[in-house]
Amino acid sequence: MEHAAPAIFVALEQSGLASGIRQSLWLYPAANVGHIVFLFCFAGAIAVMDLRMVGAFAATSPGHVLRGARRAALVAFSGLAVTGFVLFAAEASHVAVNPVFQFKLGLIVIGLINIALFELYTAPMVKDLPPLAPLPKAARRSGILSLAIWLAVAACGRSIAYF
Amino acid sequence: MGGIMSKRIALIAVFALVGPAAAHHGWGSYDAANPVTVSGPILTSKFENPHATITVKGDKEWTVTLAPTFRMNNRGATADVIATGKTVTAFGYPSTAEKGEMRAERITVDGKTYEMR
């Protein structure tokens with residue numbers, strides 16, 4: 001039962017890379033700490049963008065807010081992906097079949113699709129608007145959805161250990 | 001043709017993921033109300049993250065989950081202390097999800113007790 005995970009995840013867990021992660025004294029704890037620190041940075045950057053799209057900080061130029069926060073979010077997301085992979089690889093065959101982890105991955109995919117749609121359709125509409133200009137409904141919808149998704153992703157991440 | 005085939009593959013993939021998920025467990029499933037003490041020789045020893053584990057030949061063979069290696073070292077329970085062949089007494093909580101697995105609260109080796117939490 002324990003090793004009923006798809007072969008690719010068993011192979012990943014048994015790889016030299018994963019074994020090196022497990023045997024290192026500091027690599028796994030460093031990835032664990034790094035993951036939460038990058039999450040903090042990512043959540044901050046995302047929240048700034050989402051809240052602006054929902055209508056907060058209305059006196060700022062939406063284009064400038066998006067440009068700065070987007071860069072920070074990209075860096076933080078890259079950090080999350082790298083540290084997340086380290087944590088996943090060490091226990092791939094177990095984590096891959098964890099229902100909360102699967103749910104979390106699904107949410108991340110939805111969150112990324114939301115970002116892609118926002119960048120394709122909504123961001124071009126708002127980026128040149130002046131401060132205090134009313135924003136399109138799509139921006140508000142995207143911001144609320146984004147906040148909800150990424151907070152749920154964070155909650156799922158912490159919950160993996162309990163299922 | 002191709003459509004049916006890819007649907008079938010998708011179905012298999014879904015079952016491969018969902019099937020074992022029901023059987024999987026995490027750190028939530030240990031029975032703290034019924035602690036066990038397991039004593040005997042260490043059969044295998046993995047000094048690894050996220051948790052060191054040993055198997056112990058007690059009344060039956062137990063898999064004993066210990067602490068992260070950094071904490072193990074901090075508490076003095078180094079890889080040598082839990083090496084294969086040593087005799088250990090482990091007090092802890094049996095898993096409610098996986099038979100023969102327990103999470104140790106503390107272990108005693110050579111008269112010395114090491115706290116795992």
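Is A:L132 buried or exposed?

The structure is a predicted model, in which local features need pLDDT of at least 70 and side-chain atom pairs count only at pLDDT 80 or more, while totals for chains, interfaces and linings use all residues. Residues are numbered from 1 along each chain as its sequence is written, chains are lettered from A and ligands numbered from 1 in the order in which they are written, and side-chain values use heavy atoms, with hydrogens and water left out.

**Exercise 1. Classify A:L132 and A:F57, and state where each lies.**

Step 1. The classes are buried (under 20% relative accessible area), exposed (over 50%) and partly exposed in between, with a 1.4 Å probe and protein chains only. A:L132 has a relative accessibility of 62% and therefore counts as exposed.

Step 2. A:L132 is placed in the loop between helix 6 and helix 7 of chain A. Helices are DSSP runs of H or I with at least four residues, strands are runs of E with at least two, and both are numbered from the N terminus. Phi of A:L132 is positive, near 70°, in a residue other than glycine.

Step 3. A:F57 is found in the loop between helix 3 and helix 4 of chain A. A:F57 is not a glycine, yet its phi is positive, at about 45°. Its relative accessibility of 45% makes A:F57 partly exposed.

**Exercise 2. Describe the overall build of chain A.**

Step 1. Chain A contains 7 helices and 0 strands.

Step 2. Taken along the principal axes, the C-alpha atoms of chain A fill a box of roughly 55 × 30 × 25 Å.

Step 3. Chain A has 163 residues, of which 39% count as buried.

**Exercise 3. Analyse two aromatic pairs of chain A.**

Step 1. Rings of Phe, Tyr and Trp (its six-membered ring) pair if their centres lie within 6.5 Å; planes under 30 degrees apart count as stacked, over 60 as edge-to-face and the rest as tilted. By this rule there are 6 aromatic pairs over all chains.

Step 2. The ring centres of A:F9 and A:F88 are 5.8 Å apart and the planes stand at 90°, so this pair is edge-to-face. Because A:F9 lies in helix 1 (residues 7-14) and A:F88 in helix 4 of chain A, the pair ties together parts that are 79 residues apart in sequence. A:F9 is partly exposed at 22% relative accessible area, whereas A:F88 is buried at 13%.

Step 3. A:F42 and A:F77 form a tilted pair, with 5.6 Å from centre to centre and 55° between the planes. A:F42 belongs to helix 3 and A:F77 to helix 4 of chain A, so the pair ties together parts that are 35 residues apart in sequence. A:F42 is buried, with a relative accessible area of 4%, while A:F77 is partly exposed at 27%.

Step 4. A:F9, A:F88 and A:F101 form one aromatic cluster.

**Exercise 4. Locate two features of chain B.**

Step 1. A cis peptide bond, with omega about 0°, joins B:N49 and B:P50. B:P50 is in the loop between strand 1 (36-46) and strand 2 (53-57) of chain B.

Step 2. A charge sits over a ring if NZ of Lys or CZ of Arg is within 6 Å of the ring centre and within 35 degrees of the ring normal. B:K60 lies over the face of B:W62, at 4.5 Å from the ring centre.
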